Amino acid sequence: MAAPEGTDPMLAFFRKNLETMPHPKRIEYLQRKLRGIVQYAYKHSPAIRRRLDSVGLKPRDIQRVKDLEKLPITKKSDLIELQKKDPPFGGFEGVPIHELRRIYASPGPLYEPGEMDYEEIGWAQAMVAAGFRSGDIAVNTFSYHMVPFALNMLDNSLFKVGCITVPAGIGNTEQQVHLLKNLKASAFCGTPSFLLNLAEKAGEMGLDLRKDVNLRVGLVAAEMVPESLRSSLEERFGMTIRQSYGTADIGCLGYECMARTGMHVPDDKLVEIVDPLTGKQLPFDTPGEVVGTTFNRVYPLIRFGTGDLSLLTKSPCPCGRTSPRLVKILGRIDQATKVRGLFVHPGQVDDIGSRHPEIARCQVVLRRAEHKDLLILRIEPRQGLSAREGLKEEVEKSIRDVLKLRGDIEFVSPGTIPPEAKKIEDQRTWE
Ligand SMILES: [Zn+2]
C-alpha cells in the first residue's frame, strides 16, 4: 500500500485540532455550533422558524444535543412536500436567493440552494483520511450535472486538499481508462461499481492495472462497498479504498480512516441515532435512524432524517480521531423490524450468515412467548456439512455481536428455507 514518502497515512488529518478534540471539548464545540445555527436559522430560514414555532420552541430552548429531541425530524419526503407548497426550497434556504451561486436539482424533485463559497469540511476530511494528498491527480467520476455532489461538494473539497481534479463525470468508461493511464491519476472518487467497470474495461484493453494505471487511493460513496469487492479492487489496482457516507441534502455524515473501524462523523455535522417513531435519541452502540444536523447557513437542515439505519460507537480509534463513528449503514429503516426495542434489519441476518462458512441459508424467526419477543435464527447447514460442535455457540456470539440481542439457534435440514424466504419472518401476535 503505497503512501506518499515520509508521511504516515495513519497520522494525517485535514483539521487536526478539530479531529483530535477530547470528548468533552467536542461536545462543547458542537453545542456552541448548534446554538449558533439554530439562532441563525430561526432568523433567516422561514421553514426552520415554522418548525420551532410548531412545537412552541424558541432558539434559546436548544442549548444541548439532548434538546434536539424537542424538534420534529425533517424527512426527505417532508422536504419534497414543503418545496411544492413554497418553491423552490420550501423556505429552508438561509440566505436570499440572489446570494446563491447555483441551484441544484436532485430526483424527487428536490432543489438545493448552492452557496457562494463552499465551507463544509466533511468531504475534505474524508479525502485526507482516505490518503488523498496535495498534488494528487484525482478523477471525480460522479455526475457533474444538476446534482450538488460532484460539482459542489467533491470538486471543492479536492481543491481544499490540494488535489488536481479531472472532472470526469459518469460513463465513457473507455475514455476514462485513457484518462487514468495518460494523466497518471493517483486518486479516484466514485462508486465501487464504477471502479470495477474501469478495472474490467482496462483488462479488455489489454492494460495491466498495476503497471499502466497509477491509482493509489480511492474514496467511494453513494453505495456501501462489499468487503469482498473492496479487497479485490485494492489488490487488482494496488490501491487503498475508503468509503464515506452522506446525502446530497446534508453532505458528508461519515468517513473511514486508515484504521477502517467505521465512519467518523465529520466535525461540521451533528449526528444523532434515534428511534424514528419517537424521535428520541438512542444510546451508543444501539441501531436506529441516522439523523443529521448541519451548520451550513445557506442550507441549514436541522434534524434531517436520512431513513438509514446505523449505530454510533465512541470506542477509541487507533487513528487518533476522537469523533464517534457510524459503524456501518445497515439498510433502510423502513425495512427494519423492532425486536425487544432494538431494530433488526435483513442485511444484518445476511451478515451473521456470511460470518460462518458452514451456513448455507439462514433466517430470523420472531415469536412471542409470555409477553416477550423470542428471536430464533434458523440455520440450514451446507450440504454434507453437519452442524459441528461449537458452531452453535459461535453463531450465538455472532447474533449478539451483530444484533446486540440474544437469540436461539434452530438447525434445519437442507431445503427447508426456500431461496425466496424472508430474511426476517415475523410470527409475533399480540392478542
Ligand atoms: Zn479512525
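What arrangement do the four donor atoms make around the zinc ion? That seems a good place to start with this predicted model, and a few notes follow.

1. **The zinc site.** The arrangement is tetrahedral, because the angles subtended by the four donor atoms at the zinc ion run from 106 to 113 degrees. For comparison, the ideal angle for four tetrahedral donors is 109.5 degrees. The ligands are three sulfur donors, C257 (SG), C317 (SG) and C319 (SG), together with the nitrogen NE2 of H264. Their distances to the zinc ion span 2.1 to 2.3 Å.

2. **Where the ligands come from.** Along the chain, the donors of the zinc ion are spaced as C-x6-H-x52-C-x1-C. The pair H264 and C317 links distant parts of the chain, 53 residues apart. H264 belongs to strand β10 (residues 263-264), while C317 sits in the loop between β14 (312-313) and β15 (325-326).

3. **Burial of two ligands.** Are H264 and C317 buried or exposed? H264 has 0% relative accessibility, so it counts as buried. C317 is buried as well, with a relative accessible area of 9%; the cut-off for this label is under 20%.

4. **An open sheet.** Moving on along the chain, you will find four strands in the order β21-β20-β19-β22, forming an open sheet with mixed pairing. Its edges are β21 (408-411) and β22 (424-426), each of which pairs on one side only. On average, neighbouring strands of this sheet are turned by 25 degrees against each other, direction ignored.

5. **The β19-β20 pair.** Within that sheet, β19 (residues 359-369) and β20 (residues 372-381) run antiparallel and pair over ten bridges. If you want a residue to click on, C362 stands opposite I379 in β20.

6. **Two helices across the strands.** Helix α10 (residues 346-354) lies across β19, β20 and β22, at about 130 degrees to β19. Helix α11 (residues 391-403) lies across β19, β20 and β21, and runs at about 130 degrees to β21.

7. **Nonpolar cores.** The largest nonpolar core has 70 residues, and the members touching the most others are M127, F132, V161, I302 and L326. Helix α2 (residues 23-44) gives the most to this core, with seven residues. Apart from it lies another core of 22 residues, including V139, L180, L209 and I241.

8. **A look at I302.** Leaving out residues up to four places away in sequence, which residues does I302 touch? Its contacts are I37, V38, A41, I48, L68, L71, T74, G292 and T293.

Conventions: Residues numbered from 1 in each chain as written. Predicted model: local features only at pLDDT ≥ 70, side-chain atom pairs only at ≥ 80, totals over all residues. Heavy atoms only, no water. Donors = N, O, S within 2.8 Å, 3.2 Å for Na, K, Ca; no water. Tetrahedral: all angles 85-135°; square planar, octahedral: opposite > 155°, others 65-115°. Buried < 20%, exposed > 50% of the residue type's maximum accessible area, 1.4 Å probe, protein only. Pairing = 2+ DSSP bridges. Axes fitted to C-alpha atoms, helices over the stretch in contact; angles between N-to-C directions. Contact = heavy atoms within 4.5 Å. Core = buried A, V, L, I, M, F, W, Y, C linked by side-chain atoms within 4.5 Å.
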